[in-house]
Amino acid sequence: MSRIDESKDFIPVRIAVLTVSDSRDMASDRSGDTLVERIETAGHILADRMIVRDERDQVAEQLREWIAHPGVDVVISTGGTGLTGRDVTVEAHRDVYEKEIDAFGTVFTMVSMQKIGTSAVQSRATGGVAGGTYLFALPGSPGACKDAWDEILKYQLDYRHRPCNFVEIMPRLDEHQRRK
């Protein structure tokens with residue numbers, strides 16, 4: 001069973017939030033607001049926040065910018081993970097992944113099944129790693145963002161979480177690039 005080891009110090013990570021939408025702006029971005037509130041409440045640092053249109057190349061370009069930025073450890077995007085023709089976020093993420101975190105989508109589906117039943121099959125939530133940066137693509141609803149954060153990311157982005165977490169292996173994510 002997972003738990004928080006209170007004997008360890010919390011380590012804040014720097015998280016960028018990307019909303020993928022043709023219709024949202026900062027004033028109407030409820031999903032982005034949900035993520036920002038949870039990130040800050042957990043004690044992490046909001047490294048940046050942007051909104052880009054549902055264009056694969058624009059999403060991938062923004063992901064690459066943040067991957068290259070030393071002040072960003074994690075990118076969480078919201079929106080564009082569905083099945084319609086304009087939903088290209090998953091493809092953009094996969095364009096930049098070095099490794100996909102396959103179980104993230106599986107665990108997200110399990111969490112979603114408890115909330116929305118079989119409608120969970122319509123989400124293509126995904127996670128991966130590139131350039132030492134974690135990348136997560138979540139659906140564009142505030143409920144899905146709450147579920148992903150509250151049930152998965154809150155724990156995996158907490159260094160104190162046991163038996164293991166994403167933060168403790170963060171220094172080793174790009175070790176293959178440092179080998180000689």
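## A quick tour of the cores and charge pairs

At 35% relative accessibility, D33 counts as partly exposed. That residue is a handy way into this predicted model, since D33 also forms a salt bridge with R49. Below you'll find the charge pairs, then the nonpolar cores, then the cysteines and one alanine pair.

**Around R49**

- The closest N and O atoms of D33 and R49 are 2.8 Å apart.
- D33 sits in helix α1 and R49 in strand β3, so this salt bridge ties together parts of the chain that are 16 residues apart in sequence.
- R49 has another partner, too: its side chain meets that of D29 in a salt bridge, at 2.9 Å from N to O.
- Here again distant parts of the chain get linked, as D29 belongs to the loop between β2 and α1, while R49 is in strand β3 (residues 45-52), 20 residues apart.
- How buried are the residues in this little group? D29 is buried, with just 1% relative accessible area, and R49 is buried as well, at 18%.
- R49 makes the cut because buried means under 20% relative accessible area, and its own value is 18%.
- D33, at 35%, is the partly exposed one of the D33 and R49 pair.

**Other salt bridges**

- Go through the whole model and the count comes to 15 salt bridges.
- One of them joins the side chains of R162 and E168, with 3.2 Å between N and O.
- In that pair, R162 is buried at 13% relative accessible area, whereas E168 is partly exposed at 30%.
- Salt bridges can also link up into a network, and D22, R53, E55 and R86 are joined in just that way.
- As a bit of background, side chains of opposite charge can pair when their charged atoms come close.

**The nonpolar cores**

- In soluble globular proteins, nonpolar side chains tend to be buried together.
- The largest nonpolar core in this model has 28 residues, and the ones with the most contacts inside it are I15, V74, I76, F104, Y134 and F136.
- Which helices and strands feed this core with at least two residues each? They are β2 (14-20), α1 (30-41), β4 (74-78), α4 (102-116), β7 (133-138), α5 (142-156) and α6 (166-169).
- Helix α5 gives the most, with six residues.
- F136 is a good one to click on: leaving aside residues up to four places away in sequence, F136 touches V74, V75, I76, S77, H93, I101, F104, T126, G127, L153 and F166.
- Apart from this core lies another one, of 16 residues, and V20, V59, Y97 and L135 are among them.

**Cysteines**

- How many disulfides does a search of the whole structure find? It finds zero.
- A disulfide is a covalent bond between the sulfur atoms of two cysteines.
- C145 is buried, with a relative accessibility of 0%.
- C164, on the other hand, is partly exposed, at 42% relative accessible area.

**An alanine pair to look up**

- A103 is part of helix α4, and with 47% relative accessible area it counts as partly exposed.
- From A103 to A144 you move 41 residues along the chain, and their C-alpha atoms are separated by 17 Å.

Key: Residues are numbered from 1 along each chain as its sequence is written. This is a predicted model: local features need pLDDT of at least 70, side-chain atom pairs count only at pLDDT 80 or more; totals for chains, interfaces and linings use all residues. Side-chain values use heavy atoms; hydrogens and water are left out. A nonpolar core is a set of buried Ala, Val, Leu, Ile, Met, Phe, Trp, Tyr and Cys residues joined through side-chain atoms within 4.5 Å. Buried means under 20% relative accessible area, exposed over 50%, partly exposed in between (1.4 Å probe, protein chains only). Helices (H or I, at least four residues) and strands (E, at least two) are DSSP runs, numbered from the N terminus. Contact means heavy atoms within 4.5 Å. A disulfide is a pair of cysteine sulfur atoms within 2.5 Å. A salt bridge is a side-chain nitrogen of Lys or Arg within 4 Å of a carboxyl oxygen of Asp or Glu.
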